[in-house]
Amino acid sequence: MNESEVADARVHTYLSNLEALLRRTDKELSREFIREISASIAQHRASESGDPLEAVRTILTKLGSENSLAAQMIAIDIDNRRKLGAPMRTAKYLRRNWSWLLFALFVVVTVSVFTWAANYQPEFSNSGPGGVSVTNANGAPAKNINDHYANFTTFFPTTKIWKAKLIASIGVFGSQGIHIDYVGLHPQSPWLDDTKEYGLPYHYTYLLNPYTGKEDGLFNGSSVPGNGLVETTIHITDQCGTSPSALIYSNFWVVYDFHGFHHVVEIPLNQQFAISCNGY
Amino acid sequence: MVLGETDKAFTQMRRGTLASCVLALLSEGDLYSFEITKTLSKLEGLATSEGTIYPLLNRLNSENLVKSYWQESPDGPPRRYYRITREGLAVLENFTNQWNVFTESVNSLLKELS
């Protein structure tokens, strides 16, 4: 290491020590001061043509110890803080830390929005007539007994395979719109492809046109505005023997998406029904 | 008062007047810190170290008596220039008036004694 490098190292150490001693003072004050001292040392070195190490030694002696310089600057900083009132101190703190505060605000807002989105659940209702029809495999209507008081119907299919169809009118009561991904009689994930028949029970849902009363194709999800309505028809094909003798259906299931969060809700059927295989 | 205490008193007085001397220098025009130190070091009785001047300039800056700005230098690192403010000029004027009265009084007293 030559003399010039030793001199550089000594200056670097001096400035680093000074910076460390001033770490708690006002950032702008200490930054400007260290920059000024650094410039002054450089100017002094440039003006001295002799031994670089000696030049550094001279200017550092003139500047005094790092502790002594820092003590004077800390005293200035304390006086400045005293002079500033609480509102000014707060304003200064906000000015100096605005990026962190902005980041903290962003985090708080993001977490709040995510929490709200994760928990948002509008009121659901099944507002339609909820008419249920069950047919035998040949399409003939299955016999049924209707308990008007309990609004409960029991169907008695006479073939092993039976089919049921019901209308589900889903009213969404909430300020925000949602996207309904799945409607069905089973709490099945909409991500499973239930539109292809792999075996029984086989179920699928159609979108129902409320004006024409006709089915508008398979229900593949639908956006519903706040306080909106979507009408569907749920179809299920099952067979006696694979299930208990009486299957009771009292709810249907809706899976909806709200800002990337999936929610599953269970909605009561307007007309509950059971399938009794005793007659088969 | 012993002989050493006279020196101490002068040191105290120099420290007390140093800020005003810096303001007086700056009232002639903007100067950068290295220049201020050099100029003061040439004046007999006012010679002072960089270790005193730099914090002093920063204090004057904090008190809004001077304002600083950086300017590129054609030969070397950027320089921190200082400019006296209106408040600084008022303080300097006040000091000058009081100093004149004070020195005249002290001088006339010393003349009478001699």
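A pocket is an open set of grid points, where a 1.4 Å probe fits, with protein on both sides within 12 Å along at least five of seven lines. Keep that in mind for points 2 and 3. The model discussed here is predicted.

1. **Chain B in outline.** Start with the simpler overview. Chain B holds four helices and three strands. Read from the N terminus, their order is α-β-α-α-β-β-α. The chain has 114 residues, and 33% of them are buried. Now take the contacts in chain B between residues at least 6 apart in sequence. Of these, 47% link residues at least 24 apart.

2. **The largest pocket.** Its volume is about 630 Å³. The lining has 20 residues, and A:D26, A:E28, A:L29, A:N80 and A:K92 are the closest to the centre. Which elements give two or more residues to this lining? From chain A they are α2 (27-47), α4 (66-83) and α5 (86-96). From chain B they are α3 (50-62) and β2 (66-71). Both chains therefore take part in this lining. The largest share is that of α2(A), with five residues. By residue type, the lining splits into three nonpolar, six polar and 11 charged.

3. **The second largest pocket.** Here the volume is about 310 Å³. There are 14 lining residues, and those nearest the centre are B:T17, B:C21, B:L46, B:F95 and B:W99. Two helices of chain B, α1 (3-26) and α4 (86-113), each give at least two residues to the lining. The top contributor is α1(B), which supplies seven. How many lining residues are nonpolar, polar and charged? The counts are eight nonpolar, five polar and one charged. Set this beside the largest pocket, where 11 of the lining residues are charged.

4. **Helix α3 of chain B.** This helix contributes to the lining of the largest pocket. Check its length first. At 1.5 Å a residue, its 13 residues should span 18 Å, and the end C-alpha atoms are indeed 18 Å apart, so the two values agree. Is the helix mostly covered or mostly open? It is mostly covered, with 10 of the 13 residues buried. Among them are B:I53, B:Y54, B:P55, B:L56 and B:L57. B:N58 is also on the buried list. Just past the end of the helix, B:N64 has a positive phi of about 65°.

5. **A:I76, a residue with partners in both chains.** A:I76 sits in helix α4 of chain A. Its relative accessible area is 1%, under the 20% cut-off, so A:I76 counts as buried. Which residues does A:I76 touch, leaving aside its neighbours within four places in sequence? In chain A there is A:L29; in chain B there are B:P55, B:N58, B:R59 and B:S62. Two of these partners, B:P55 and B:N58, are buried residues of α3(B). A:L29 also appears among the residues closest to the centre of the largest pocket. A:D26 is on that list too. In sequence, A:D26 and A:I76 are 50 residues apart, while their C-alpha atoms are 9.8 Å apart in space.

6. **The disulfide.** The count over all chains is one. The bond joins A:C240 to A:C277, with an S to S distance of 1.9 Å. What does the link tie together? A:C240 lies in the loop between β10 (228-239) and β11 (246-258) of chain A, and A:C277 lies in the segment after β12 (261-276), so the bond ties parts that are 37 residues apart in sequence. The angle about the S-S bond is -75°, and the link is left-handed. Are its two ends buried or exposed? A:C240 has 2% relative accessibility and is buried. A:C277 is buried as well, at 14%.

7. **Two positive phi angles in chain A.** Both residues belong to loops, and neither is glycine. A:N227 has phi near 60°, a positive value in a residue other than glycine. Its loop runs between β9 (222-224) and β10. A:N227 has a relative accessible area of 56%, which is over 50%, so this residue counts as exposed. A:H259 has phi near 50°, again positive and again not in a glycine. A:H259 lies in the loop between β11 and β12. At 59% relative accessibility, A:H259 is exposed.

Terms used
Residues are numbered from 1 along each chain as its sequence is written. Chains are lettered from A and ligands numbered from 1 in the order in which they are written. This is a predicted model: local features need pLDDT of at least 70, side-chain atom pairs count only at pLDDT 80 or more; totals for chains, interfaces and linings use all residues. Side-chain values use heavy atoms; hydrogens and water are left out. A disulfide is a pair of cysteine sulfur atoms within 2.5 Å. Buried means under 20% relative accessible area, exposed over 50%, partly exposed in between (1.4 Å probe, protein chains only). On a 1 Å grid over the protein atoms alone, a cavity is a set of points where a 1.4 Å probe fits but cannot get out, and a pocket is an open set with protein on both sides within 12 Å along at least five of seven lines; lining residues have an atom within 4 Å of a point. Grid points are joined across faces, edges and corners, and a volume is the space filled by probe spheres set on the points. Ala, Val, Leu, Ile, Met, Phe, Trp, Tyr, Cys and Pro count as nonpolar, Asp, Glu, Lys and Arg as charged, and the others, Gly among them, as polar. The expected span of a helix is 1.5 Å times one less than its number of residues. Contact means heavy atoms within 4.5 Å.
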